[in-house]
Amino acid sequence: MENQRKPIVFSGIQPSGRLTIGNYLGAINNWIPMEETHDCIYSIVDAHAITVRQEPKALREATLRLLATYIAAGLDPKKNIMFIQSHVPQHFELAWILNCYTMFGELSRMTQFKDKSSKNADNINAGLFTYPVLMASDILLYQTDDVPVGGDQKQHVELARDIANRFNGLYSDTFKLPNPVIGKKSAKIMSLQEPDKKMSKSDKNEKSIILLTDTDDQIIKKFKSAVTDSLGQVKYCDEQPGIKNLITIYSIATGKTIEEIELEFEGKGYGDFKMAVGTAVADMLRPVRTKTDELLKNKDYLEEVYKEGAERAARIAQRTLDKVQRKIGFIHR
Ligand code: TYM
């Protein structure tokens with residue numbers, strides 16, 4: 001039906017350091033086709049990034065670069081709302097309220113909290129602990145149906161759902177219950193050096209990660225030195241985690257199926273295969289990198305996009321916040 005509302009999508013990425021192809025394939029790349037079928041809202045979640053210490057200048061740069069990357073990757077600012085999280089204070093207002101409807105035990109069970117607190121033992125701040133509540137607020141403010149993320153964020157989206165459910169149960173329907181949407185192939189892109197570990201932008205070993213800022217040469221070099229095994233066959237199986245990861249990446253970059261890839265490299269060595277993956281990824285990322293750099297030269301345009309995005313986002317967010325405040329007994333301003 002023509003007037004039927006499209007389902008709503010919300011997702012975000014932290015502007016902490018540089019993006020990897022994990023972020024690109026696990027998130028942004030899956031967002032692009034959604035602009036036709038959904039009303040999409042994408043945030044650059046700077047408030048999440050400060051749960052780990054950030055250098056202010058670097059945070060500002062990474063925030064703008066991330067917005068430019070969203071656009072360069074193919075997200076149309078006219079069709080999608082794109083905004084910087086700290087520009088829409090409703091996120092913080094709802095987060096405080098939802099803090100009071102989230103249990104200490106629930107937050108203690110979050111794998112990412114356990115992981116990040118062990119990595120940042122000298123700075124286990126309260127923000128790191130309550131981070132999933134801010135994420136729930138991001139999602140719930142927009143009455144979101146679908147949240148396209150990588151597999152590592154599934155637990156957080158499920159918590160958002162639990163919080164929404166609890167609130168709805170106490171006060172009548174207020175929030176839509178969101179669903180995590182996770183790419184089948186792209187759920188977990190692994191480190192190139194330790195293929196049993198997720199590729200992560202905080203990895204100290206540069207050879208483990210492909211950055212969106214890497215040049216063609218750097219990309220190819222990193223794939224050439226990717227860890228494989230001694231079996232010598234390009235086969236998609238759990239016994240060969242390094243090769244499995246490379247097949248996944250190659251499959252997404254080229255659109256070829258796993259069977260086609262296994263056939264293509266039957267009887268060929270890992271050297272040929274790794275070169276092909278490197279070239280395909282370089283081809284995939286080159287236009288995004290070039291366009292990002294170009295967009296970064298036009299700060300006025302980026303400012304226009306994030307200002308308009310924040311205005312549109314705030315209008316939607318305020319509607320939900322008003323409803324919540326009324327239901328819990330806050331007096332209307
Ligand atoms: P962040 O910034 O760590 O990562 C951004 C997105 O990239 C995905 N991702 C991966 N996918 C596949 N393989 C990998 N190796 C890989 N590494 C990262 C993540 O799953 C994510 O989708 N808490 C979120 C940001 C956030 C958010 C939100 C997301 C804040 N509020 C509301 C959705 C909705 C985060 O830290 O993502």
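At 44% relative accessibility, Asn165 counts as partly exposed, a label for values between the two cut-offs: buried is under 20% relative accessible area and exposed is over 50%, with a 1.4 Å probe and protein chains only. Asn165 belongs to helix 9, which covers residues 154–171. Helices here are DSSP runs of H or I with at least four residues, strands are runs of E with at least two, and both are numbered from the N terminus. The C-alpha atom of Asn165 sits 7.0 Å from that of Leu177, twelve residues away along the chain.

A quick word on what you're looking at. This is a predicted model, where local features need pLDDT of at least 70 and side-chain atom pairs count only at pLDDT 80 or more, while totals for chains, interfaces and linings use all residues. Residues are numbered from 1 along each chain as its sequence is written, and side-chain values use heavy atoms, with hydrogens and water left out.

Leu177 turns up again if you move over to the loop between helix 8 (126–140) and strand 4 (146–148), where Asp145 has its place. Leaving aside neighbours within four places in sequence, Asp145 is in contact (heavy atoms within 4.5 Å) with Arg5, Pro7, Ile8, Lys176, Leu177, Pro178 and Asn179. With one of these, Lys176, Asp145 makes a polar contact from side chain to side chain, at 2.9 Å. A polar contact is a pair of N or O atoms within 3.5 Å; within protein, one must be able to donate a hydrogen and the other to accept it, and residues adjacent in sequence count only if both atoms are side-chain atoms. Asp145 has a relative accessible area of 15%, so it is buried.

Thr144 is found in the loop between helix 8 and strand 4 too, and with 1% relative accessibility it counts as buried. Its side chain reaches back to the backbone oxygen of Ile139, at 2.7 Å. Beyond four places in sequence, the contacts of Thr144 include Val9, Phe10 and Lys176.

Gln143 lies in that loop between helix 8 and strand 4 as well, and it's buried, at 18% relative accessibility. What is unusual about its backbone is the phi angle. Most residues other than glycine have a negative phi. Gln143 isn't a glycine, yet its phi is positive, at about 50°. Ser172 is another non-glycine residue with a positive phi, near 80°. You'll find Ser172 in the loop between helix 9 and strand 5 (179–181), and it is partly exposed, with a relative accessible area of 41%.

Now for helix 1, residues 21–31. Nine of its eleven residues are buried, so the helix is largely enclosed by the rest of the structure. Among the buried ones are Ile21, Asn23, Leu25 and Trp31. At the N-terminal end, Thr20 acts as a cap on helix 1, with a side-chain oxygen 2.9 Å from the backbone nitrogen of Gly22.

Trp31 also brings us to the aromatic rings. Rings of Phe, Tyr and Trp (its six-membered ring) pair if their centres lie within 6.5 Å; planes under 30 degrees apart count as stacked, over 60 as edge-to-face and the rest as tilted. By this rule the count is 14 aromatic pairs. One of them joins Trp31 and Tyr42 in a stacked arrangement, 4.2 Å centre to centre with 10° between the planes. This pair links distant parts of the chain, since Trp31 is in helix 1 and Tyr42, eleven residues apart from it, is in strand 2 (residues 39–44). Both Trp31 and Tyr42 are buried. Elsewhere, ring pairs tie Tyr101, Phe167, Tyr171 and Phe175 into a cluster.That leaves the ligand. Of the 27 residues around it, Gln14, Tyr131, Asp138, Asp152 and Ile189 come nearest; a residue is near if one of its heavy atoms lies within 4 Å. By class, this shell has twelve nonpolar, ten polar and five charged residues. Ala, Val, Leu, Ile, Met, Phe, Trp, Tyr, Cys and Pro count as nonpolar, Asp, Glu, Lys and Arg as charged, and the others, Gly among them, as polar. Asn23 has a polar side-chain atom 3.1 Å from an oxygen atom of the ligand. A nitrogen atom of the ligand is 2.5 Å from an N or O atom in the side chain of Tyr131, and for Lys201 a side-chain N or O atom is 3.2 Å from a ligand oxygen. The protein covers 97% of the 720 Å² of accessible area that the ligand has on its own, with areas from the Shrake-Rupley method and a 1.4 Å probe.
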